[in-house]
Amino acid sequence: MDHKAWAKSLHESARTQTPRAQFSTEQTYTLDDAYRIQHELIAERVAEGHSIVGVKMGFTSRAKMVQMGVDDMIIGQLTADMHISNEAPLERGKCIHPRAEPEIAFRLSKDIDRALSVDEVMEYVDGVAAAVEVIDSRYENFKFSLEDVVADNCSSCGYAVGPWCQIPLGLNGLDMVQFFNGTAVAEGNSDAILDNPFEALAAATRLAHQYNIPLKAGMTVLAGAATAAHFILETEEVEVKVDGLGSAGFKVV
Ligand code: OOG
Ligand code: MG
């Protein structure tokens with residue numbers, strides 16, 4: 001199979017906001033192939049001048065697995081152009097069918113080149129924050145197999161991170177609420193993320209090591225959504241509040 005050609009096709013779908021058919025309906029392929037396609041897709045972005053600034057975990061909560069009909073964790077890569085801020089709001093017209101979801105972000109304090117245990121990860125982070133992830137599948141109707149979504153860089157589109165906080169001893173039992181124009185649209189709890197968001201960080205080190213994905217000091221790691229994702233339909237203000245960690249948000253233009 002031509003991994004590069006598939007990656008170029010996904011890249012083109014994103015660039016032209018034209019969703020494409022799932023690959024898995026045409027051909028069976030392995031998870032290893034899917035990560036190779038993802039690497040080629042990221043290479044396209046890097047060639048356009050965007051650096052790799054972090055990773056995102058996917059399907060670390062039951063709510064997400066159930067919503068998307070898959071049953072394993074995945075990892076994708078974040079590039080600098082995905083960062084949403086006051087200066088760079090989310091441009092709805094550059095997306096296909098974007099959804100927002102409430103997340104927790106970590107900031108790495110050291111390079112990591114092996115799978116770390118949940119007890120070790122604390123030593124490798126120096127910040128934690130509320131975050132919002134925007135996902136935008138390049139497949140028609142937001143439908144995919146596990147391999148399809150991995151190839152498509154796990155539906156990554158954008159992310160916003162709130163002010164970094166010091167790492168607390170635990171991240172359990174924190175309420176997480178997502179608001180659209182001030183109205184709560186999703187309510188969850190940090191326990192939904194693998195019973196403990198630090199577990200998602202440990203899983204990120206394992207998958208990154210397995211699939212040759214860089215984890216460097218200063219990078220951001222998104223732990224995965226605590227609730228199902230919600231479609232961004234038009235101009236909206238999106239905000240996520242996490243108990244004790246503050247909030248993250250952005251405007252849609
Ligand atoms: C895939 C990405 C999953 C998460 O937080 O679980 C994800 C998708 O739902 O399209 O980002
Ligand atoms: Mg996510």
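## Working through a predicted model

Glu44 sits in helix 2 (residues 31-47), where helices (H or I, at least four residues) and strands (E, at least two) are DSSP runs numbered from the N terminus. Before we dig in: this is a predicted model, in which local features need pLDDT of at least 70 and side-chain atom pairs count only at pLDDT 80 or more, while totals for chains, interfaces and linings use all residues. Residues are numbered from 1 along each chain as its sequence is written, chains are lettered from A and ligands numbered from 1 in the order in which they are written, and side-chain values use heavy atoms, with hydrogens and water left out.

### Exercise: Glu44

Work out whether Glu44 is buried or exposed, and what it touches beyond its sequence neighbours.

**Solution.**
- Start with the area: Glu44 has a relative accessible area of 15%, so it counts as buried. The cut-offs are under 20% for buried, over 50% for exposed and partly exposed in between, with a 1.4 Å probe and protein chains only.
- Now the contacts, meaning heavy atoms within 4.5 Å. Leaving aside neighbours within four places in sequence, Glu44 is in contact with Lys8 and His11.

### Exercise: positive phi

Look at the backbone of Asn153 and Leu194 and describe phi and the surroundings of each.

**Solution.**
- Most residues other than glycine have a negative phi.
- Asn153 goes the other way, with a positive phi of about 50°. Leu194 also has a positive phi, near 50°.
- Place them next. Asn153 is in the loop between helix 4 (146-151) and strand 5 (156-161). Leu194 is in the loop between strand 7 (183-189) and helix 5 (197-210).
- Check the exposure. Asn153 is buried because its relative accessible area is 3%, while Leu194 comes out at 28% and is therefore partly exposed.
- Finish with the company Asn153 keeps. Not counting residues up to four places away in sequence, it touches Gln38, Leu41, Ile42, Lys56, Gly76, Gln77 and Met82. The C-alpha atoms of Asn153 and Leu78 are 8.8 Å apart, with their positions 75 residues apart along the chain.

### Exercise: the magnesium ion

Which residues coordinate the magnesium ion (ligand 2), and how are they spaced along the chain?

**Solution.**
- Donors are N, O and S atoms within 2.8 Å of the metal (3.2 Å for Na, K and Ca); water is not among the atoms, so sites may look incomplete.
- Glu101, Glu103 and Glu133 each coordinate through OE, at 1.9 to 2.1 Å.
- Along the chain, the donors follow the spacing E-x1-E-x29-E.
- Two of them join distant parts of the chain: Glu103 in strand 3 (residues 99-108) and Glu133 in strand 4 (residues 125-135), 30 residues apart.
- Glu103 and Glu133 are both buried.

### Exercise: ligand 1

Find the residues that come nearest to ligand 1, then pick out polar contacts.

**Solution.**
- A residue is near if one of its heavy atoms lies within 4 Å. There are 17 residues around ligand 1, and Lys56, Phe59, Lys64, Glu101 and Ser155 come nearest.
- Polar contacts are pairs of N or O atoms within 3.5 Å; within protein, one must be able to donate a hydrogen and the other to accept it, and residues adjacent in sequence count only if both atoms are side-chain atoms.
- A polar side-chain atom of Lys56 is 2.8 Å from an oxygen atom of ligand 1. For Phe59, a polar backbone atom lies 2.8 Å from a ligand oxygen. An N or O atom in the side chain of Glu103 is 3.0 Å from an oxygen atom of ligand 1.
- As for cover, the protein takes up 100% of the 320 Å² of accessible area that ligand 1 has on its own. Such areas come from the Shrake-Rupley method with a 1.4 Å probe; for residues, only the protein chains shown count as cover.

### Exercise: aromatic rings

How are the rings of Tyr35 and Tyr211 arranged?

**Solution.**
- Rings of Phe, Tyr and Trp (its six-membered ring) pair if their centres lie within 6.5 Å; planes under 30 degrees apart are stacked, over 60 edge-to-face, and the rest tilted. That gives 8 aromatic pairs.
- Tyr35 and Tyr211 are stacked, at 3.7 Å centre to centre and 15° between the planes.
- Tyr35 belongs to helix 2 and Tyr211 to the loop between helix 5 and strand 8 (220-222), 176 residues apart.
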